[in-house]
Amino acid sequence: MDLDVFVSAHRAEWDRLDALLRRRNLTGTEADELVTLYQRTATHLSLIRSSAPDPQLTGRLSQLVARARSAVTGTRRASWHDVTRFLTQSFPAAVYRSRHWWVPTALASTVLAALLGWWIGTHPEVQSSIAAPDELHALTRPGGQYETYYSSHPAASFAAQVWTNNAQAAAMCLVLGVFLCVPVLWILFQNMLNLGIGVGLMSSAGRLDTFLGLVLPHGLLELTAVFVAAGTGLRLGWTVIDPGPRTRRTALAEEGRAALGMAIGLALVLFVSGAIEGFVTPSGLPTWTRITIGILAELAFLAYVYVLGGRAARTGDTGDVEAAERSATAPTAA
């Protein structure tokens, strides 16, 4: 495409659209003309992006299309309907759609943590490389640091701290996945290594049951949220490598918007796990009661994803924003 000829042929339409957008009051005919010019300009922008990308012209037309879209669709405010739709459809549908990524991630990570725990627990030389014997004893003894960790701060502030740290880790998995998956794998490995060290050291001290009684109440839901974030990040990274039938730009936009929504939803899930870690884990409840609470929270989340999310996904919900809220696109040449 000859860009100069294309610009000369359509500049008048763009200038006319800009002039209409500057007016406060339009007649019915002018409003119809604005809609028509908006659609044409969106098509022009798509053609320029795919055939003859020019940064300056693309920037100008992008702003023009955005202004026209705002004028045509009007300003929309979030409502309780949006919140309800997000919680009952968009978020669970996004998690359900990415299950083929986060379920294998969860299984592989659990196996890795178990192997690391076995390796550390059965090799004294590895334990000695982690810390000195007296330090290891201070960690694993009854009333040691592994046990007092969960009651070392007031429950409310501890829950808030845990929630903040876990939400940051989940957000990093979601965002950094676009860098070809590598940062996500590193974050996931660090989490499994920390878990494996705890399992290994406490099992070598003959107190694995105590450790699991402290970790399982909140850890089931917490780790599931991390696995979902990691799996989604890996899926986003794979989209960069293989966008499928969509253009890379379109695929990243759709998956990125869904990932952003999942970050918000997972923050809510991690809030629940943080509350359990802050109030239930260090409580005086019997171990079986604390573990049961953790199992029920995990089962509730899985039911939420597979029942509500599966139903929403089968109706076509992908976790992306509604069609009316997306940027205007036009077909491009294959």
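**Entry 1: helix H10**

I began with the buried residues of H10, and my list reads Val 184, Ile 187, Leu 188, Met 192, Gly 196, Ile 197, Gly 198, Val 199, Gly 200, Leu 201 and Met 202. A reminder to myself: this is a predicted model. Next I checked the length of H10. Its 23 residues should span 33 Å at 1.5 Å a residue, and the end C-alpha atoms are 32 Å apart, which agrees. Past the helix I stopped at Gly 206, which follows H10 and has a positive phi, near 75°.

**Entry 2: Leu 139, a partner of Leu 201**

Leu 201 from my buried list turned up again when I looked at Leu 139. I found Leu 139 in helix H7, which covers residues 133-140. Setting aside neighbours within four places in sequence, I noted contacts from Leu 139 to Gly 144, Gln 145, Tyr 146 and Leu 201. I also took one distance here: Leu 139 and Tyr 149 are 10 residues apart in sequence, and their C-alpha atoms are 9.8 Å apart in space.

**Entry 3: Gly 233, a partner of Val 184**

Then I moved to Gly 233, which lies in helix H11. Is Gly 233 buried or exposed? Its relative accessible area is 0%, so I wrote it down as buried. Leaving out neighbours within four places in sequence, Gly 233 touches Cys 173, Leu 174, Gly 177 and Val 184; Val 184 is one of the buried residues of H10. Gly 233 and Ala 170 are 63 residues apart along the chain, with 9.2 Å between their C-alpha atoms.

**Entry 4: H11 against H13**

I stayed with H11 and looked up how it packs on helix H13 (residues 287-314): the angle is about 10° and the axes are 7 Å apart. That angle makes the two helices, H11 and H13, roughly parallel. By class, I have nine nonpolar, four polar and two charged residues in this contact. On the H11 side I listed Gly 213, Leu 214, Leu 216, Pro 217, Leu 220, Leu 221 and Thr 224. They meet H13 residues including Arg 290, Ile 291, Glu 298 and Phe 301.

Thr 224 got a closer look. This residue is in H11, which runs over residues 208-241. Thr 224 has a relative accessible area of 7%, so it counts as buried, the limit being under 20%. Its contacts, without neighbours within four places in sequence, are Trp 102, Gly 219, Glu 298 and Phe 301.

**Entry 5: the cores**

Which residues of the largest nonpolar core touch the most other members? I got Phe 91, Val 95 and Leu 266, out of 35 residues. At least two residues of this core come from each of H4 (80-97), H5 (99-122), H9 (155-176), H10, H11, H12 (248-280) and H13. H11 gives the most, with eight residues. Val 95, again without neighbours within four places in sequence, is in contact with Trp 102, Val 228, Met 262, Phe 301 and Val 305. Trp 102 and Phe 301 were also on my list for Thr 224. I noted a second, separate core of 17 residues, with Leu 17, Leu 20, Ile 48 and Leu 61 among them.

**Entry 6: Gln 63**

My last stop was Gln 63 in helix H3, residues 55-73. With a relative accessible area of 58%, Gln 63 is exposed. Gln 63 and Leu 302 are 239 residues apart in sequence, and I have 43 Å between their C-alpha atoms.

How values were computed: Residues are numbered from 1 along each chain as its sequence is written. This is a predicted model: local features need pLDDT of at least 70, side-chain atom pairs count only at pLDDT 80 or more; totals for chains, interfaces and linings use all residues. Side-chain values use heavy atoms; hydrogens and water are left out. Helices (H or I, at least four residues) and strands (E, at least two) are DSSP runs, numbered from the N terminus. Buried means under 20% relative accessible area, exposed over 50%, partly exposed in between (1.4 Å probe, protein chains only). Contact means heavy atoms within 4.5 Å. Axes are lines fitted to C-alpha atoms, for helices over the stretch in contact, and angles run from 0 to 180 degrees between N-to-C directions. Angles under 35 degrees count as roughly parallel, over 145 as roughly antiparallel, 65 to 115 as roughly perpendicular and the rest as oblique. Ala, Val, Leu, Ile, Met, Phe, Trp, Tyr, Cys and Pro count as nonpolar, Asp, Glu, Lys and Arg as charged, and the others, Gly among them, as polar. A nonpolar core is a set of buried Ala, Val, Leu, Ile, Met, Phe, Trp, Tyr and Cys residues joined through side-chain atoms within 4.5 Å. The expected span of a helix is 1.5 Å times one less than its number of residues.
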